[in-house]
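Visitor: I should like a close look at the salt bridges of this model. Please describe the pairs in detail, and then the parts of the chain around them.

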Amino acid sequence: MATLSLTAFGGPQAHIAMMLRTMVEKRRYVTEQELLELNALCQILPGPSSTQTITAIGYKVGGPNLAYLTLLVWIAPAALIMIAAALVISFLGSKGAPLGFTRFIQPMAVGFVAFAAWRISSKVVHTKGGIVIMVFSAILAFFFRSPWVFPVLLLAGGSLTAIRFYQQPILEKVPMKVEWANFLLFIGVFVAAALLGRYTQLRAVLLFENFYRNGSLIFGGGQVLIPVMYTEFVEFKGYLQPKEFLSGFAMVQALPGPVFSFCSYIGALSMRPYGWTGQLVGGVISTIAIFLPGTFLIFFVIRFWEGLRKYRVIQASLEGINAVGSGMVCAAAIMLYHPIENTPYNFGLVVATFALLQWTKIPAPALILTGLVVGLLFPG
């Protein structure tokens, strides 16, 4: 697992390929069919799909204790690096140092989001209804930027396609035995965090509630998280500047492990008024909060997954959820470009990044590291 956490670049699709090679072919912890079924389960649940899949493998091999250890080893390297990056950005800002070295990777980050929008939509949107849902979701996500718009859109999209469940093939049902402990924990923490945040108004508690809520309602992986984070922490609360947000998102593309570790960076920068100690607390709290709901849910659902996957309404809802997620990422590409100066140079970097990702095999970390090095040499 330590090897995966340090070498698994490229997002969920690349992560699955590495899991097949390491967990199935080399270690034989699970079969290929078991891995693909676990990944399918995690696609249905909100939260980071790669992280949930790896946690589920740990649970299947060694029970809850190994699952929690697996989760910790998987997320720790990227989360710690992103917290360190936030501390460096904060230190430079407090000294009045310009962030000129990030000027190349900011438009490159928009190129990454645009490429994610293209790749996600081309893989999951295949019907006219899905295209309509994706377009309307993109429009609504762009013009209505309240943090609550995104989960409402996801739930609405899933409901719209779930009503056509009768078009799905009928599968033979198997008995389900539901153990509610982890689901009750999931709901209990959700409610407790919301109440504590409202009545204490402590920023650390509010951060926990923000990230726990987002981790509970986001389907589709780290790319879908980006528009939600940008709206809430840049536009709505003003904790981060647009260039800081873009720089952090670009940096997480150069790291192995889950894209959700971007939240560690956001949480640390959100606690700048409380000094370095506060920033470390913010980074740790945000990391725990964004990953915790997905962990509760995978522990809850994995016990009766075989029965749940037979229900047609579950299968049908995925089309709408995926279409909304695609639309949100499309809107994010436009939203993230707006704060950048609209010059042929910056637009060209966006297009060039997209093209390199689409038509070459240059790894994303190499692109980002090149952008950082060039920015250091020519800070502008």
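Guide: The answer below goes from the chain as a whole to the salt bridges, and then to other selected sites.

This is a predicted model, in which local features need pLDDT of at least 70 and side-chain atom pairs count only at pLDDT 80 or more, whereas totals for chains, interfaces and linings use all residues. Residues are numbered from 1 along each chain as its sequence is written, and side-chain values use heavy atoms, with hydrogens and water left out.

The chain contains 17 helices and zero strands; helices (H or I, at least four residues) and strands (E, at least two) are DSSP runs, numbered from the N terminus. Of its 380 residues, 53% count as buried; buried means under 20% relative accessible area, exposed over 50%, and partly exposed in between (1.4 Å probe, protein chains only). The chain exposes about 17,100 Å², of which carbon and sulfur atoms supply 69%; accessible areas come from the Shrake-Rupley method with a 1.4 Å probe, and for residues only the protein chains shown count as cover. Among contacts in the chain with a separation of 6 or more, 76% join residues 24 or more positions apart; a contact means heavy atoms within 4.5 Å.

Side chains of opposite charge can pair when their charged atoms come close. A salt bridge is here a side-chain nitrogen of Lys or Arg within 4 Å of a carboxyl oxygen of Asp or Glu, and by this rule the count is four.

One of these joins Glu-209 to Arg-213, with an N to O distance of 3.0 Å. The two residues lie four apart in helix α9 (residues 203–217), which means that about one helical turn separates them. An α-helix has 3.6 residues a turn, so residues three or four places apart point the same way. Both partners are withdrawn from solvent by the accessibility criterion: Glu-209 is buried at a relative accessible area of 13%, and Arg-213 is buried at 6%. Arg-213 also illustrates how the chain returns on itself, since its C-alpha lies 9.9 Å from that of Val-189, while the two residues are 24 apart in sequence.

A further salt bridge is formed by the side chains of Lys-237 and Glu-232, at 3.3 Å from N to O. In this pair Lys-237 is partly exposed, with a relative accessible area of 28%, whereas Glu-232 is buried at 1%. The two pairs described so far belong together: Glu-209, Arg-213, Glu-232 and Lys-237 are linked in a network of salt bridges.

Arg-272 and Glu-244 also form a salt bridge, their closest N and O atoms being 2.7 Å apart. This pair links distant parts of the chain, 28 residues apart: Arg-272 is in the loop between α12 (262–270) and α13 (275–301), and Glu-244 is in helix α11 (residues 242–253). Arg-272 is partly exposed at 27% relative accessible area, while Glu-244 is buried at 9%. Helix α13 also holds Ile-288, which is partly exposed at 45% relative accessibility. The C-alpha atoms of Ile-288 and Ser-264 are 8.9 Å apart, with their positions 24 residues apart along the chain.

Other sites concern uncharged side chains. Thr-353, in helix α16 (residues 344–359), is buried at 3% relative accessibility. Apart from neighbours within four places in sequence, Thr-353 is in contact with Met-108, Gly-111 and Phe-112.

Helix α7 (residues 149–162) has 14 residues and spans 20 Å from first to last C-alpha, close to the expected 20 Å, the expected span being 1.5 Å times one less than the number of residues. Its buried residues include Phe-150, Leu-153, Leu-154, Gly-157 and Gly-158.

A nonpolar surface patch of about 770 Å² is made by Ile-131, Val-132, Val-135, Phe-136, Ile-139, Leu-140, Phe-143 and Phe-144. Patches consist of residues with over 30% relative accessible area and no salt bridge, like charges being joined within 9 Å and nonpolar side chains (Val, Leu, Ile, Met, Phe, Trp, Tyr) within 5 Å. Of these residues, Ile-139 is found in helix α6 (residues 128–143) and is partly exposed at 41%.

Finally, the structure holds zero disulfides, a disulfide being a pair of cysteine sulfur atoms within 2.5 Å. Cys-263 is buried, with a relative accessible area of 0%, and Cys-330 is partly exposed at 27%.
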